[in-house]
Amino acid sequence: FPSHDIQVSWDGTGEVKRHTVDSLSAVVQRYGQRVCDTYAAISAYNGADLVDGAEFRAKGRDAVGDGAHGDFYFVASSTTTVDGAMVLATADGVGRIFRYWDGEPLNILWFGARPTLGAGLSPGGSFDNATPINAAINWARTPTYGPTDVRAAVFIPSGDFWISTSIINRYRVDVFGTGCVFTDNEVTGHAASSSGLMAAYRDWE
């Protein structure tokens, strides 16, 4: 075929269709996996321009390589509550974009936690990790999709995570890092010290 005229099937029907280079590019945009730098870049897509099952790969949550990478898929009919970690909105509000999840431990980095020292922040608390950690625990207790018959787990990766308020665990949720596990309500009471610094999760390696 001439370089500008290509035969290809992309819609799963088995039908061979003829595309120009420009139209093929449009087909790839509609059906192929999109690789995005951040969750925000995924949410910049309009649901009306996507098809059910359209896939995305995020290189990070807020920045490439921040540890919160993951794969997502689009459901056109969904109106599930958006949480910014497991369920993302689209730019036009049509449908929802879900993280592929089958019961594996939830990483607190998906919910926006940041290793304090690793991010170059001072121990004085430039970023409070209590909110994203509690959000991960709450989602694990009452997931909005995926398996519901598993004992959920939340993973805290190695690092120093500054918090200014309590981390409250939930029934049937395990919170763990390498070499350390908290179960049920054992994390309750790990409140901030008078100086505002809590190092309960320091250097889990």
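What pattern does the chain follow when read along the sequence? In this predicted model, the succession of elements is β-β-α-β-α-β-β-β-β-β-α-β-β-β. This gives 3 helices and 11 strands. Both kinds of element are DSSP runs (helices: H or I, at least four residues; strands: E, at least two), numbered from the N terminus. Residues are numbered from 1 along each chain as its sequence is written, and side-chain values use heavy atoms, with hydrogens and water left out. As the model is predicted, local features need pLDDT of at least 70 and side-chain atom pairs count only at pLDDT 80 or more, whereas totals for chains, interfaces and linings use all residues.

The chain has 205 residues, and 38% of them count as buried. Buried means under 20% relative accessible area, exposed means over 50%, and partly exposed lies in between (1.4 Å probe, protein chains only). The accessible surface of the chain comes to about 10,300 Å². Carbon and sulfur atoms account for 52% of that surface. Areas come from the Shrake-Rupley method with a 1.4 Å probe; for residues, only the protein chains shown count as cover. Contacts (heavy atoms within 4.5 Å) were also examined by sequence separation. Among those between residues at least 6 apart in sequence, 48% join residues at least 24 apart.

Five strands form an open sheet with mixed pairing, in the order β3-β4-β5-β7-β6. The edges are taken by β3 (34–36) and β6 (87–88). Each has a single partner strand, so one side of each is left without a neighbour in the sheet. Two strands are counted as paired if DSSP finds at least two bridges between them. In general, strands of a sheet pair through backbone hydrogen bonds, either parallel or antiparallel.

Strand β5 (residues 70–75) runs antiparallel to β4 (residues 55–58), and 4 bridges join the two. In this pairing, F56 has F72 as its bridge partner, and E55 has Y73. Strand β7 (residues 96–99) is also antiparallel to β5, again through 4 bridges. Here F74 of β5 is the bridge partner of I97. The two faces of β5 are unlike in cover: G70, F72 and F74 make up the covered face, while D71, Y73 and V75 make up the uncovered one.

Side chains of opposite charge can pair when their charged atoms come close. A salt bridge was taken as a side-chain nitrogen of Lys or Arg within 4 Å of a carboxyl oxygen of Asp or Glu. By this rule the chain has 4 salt bridges.

One of them joins R57 and D71, at 2.7 Å from N to O. R57 belongs to β4 and D71 to β5, so the pair ties together parts that are 14 residues apart in sequence. R57 is partly exposed, at 40% relative accessibility. D71 is partly exposed too, with a relative accessible area of 25%.

Another joins D37 and K59, at 3.9 Å from N to O. This pair links distant parts of the chain, 22 residues apart. D37 sits in the loop between β3 and α2 (39–43), and K59 in the loop between β4 and β5. D37 counts as partly exposed at 41% relative accessibility, and K59 counts as partly exposed at 39%.

A further salt bridge pairs D62 with R61, at 3.6 Å from N to O. Its two members fall into separate classes of accessibility. D62 is exposed, at 51% relative accessibility. R61 is buried, at 19%.
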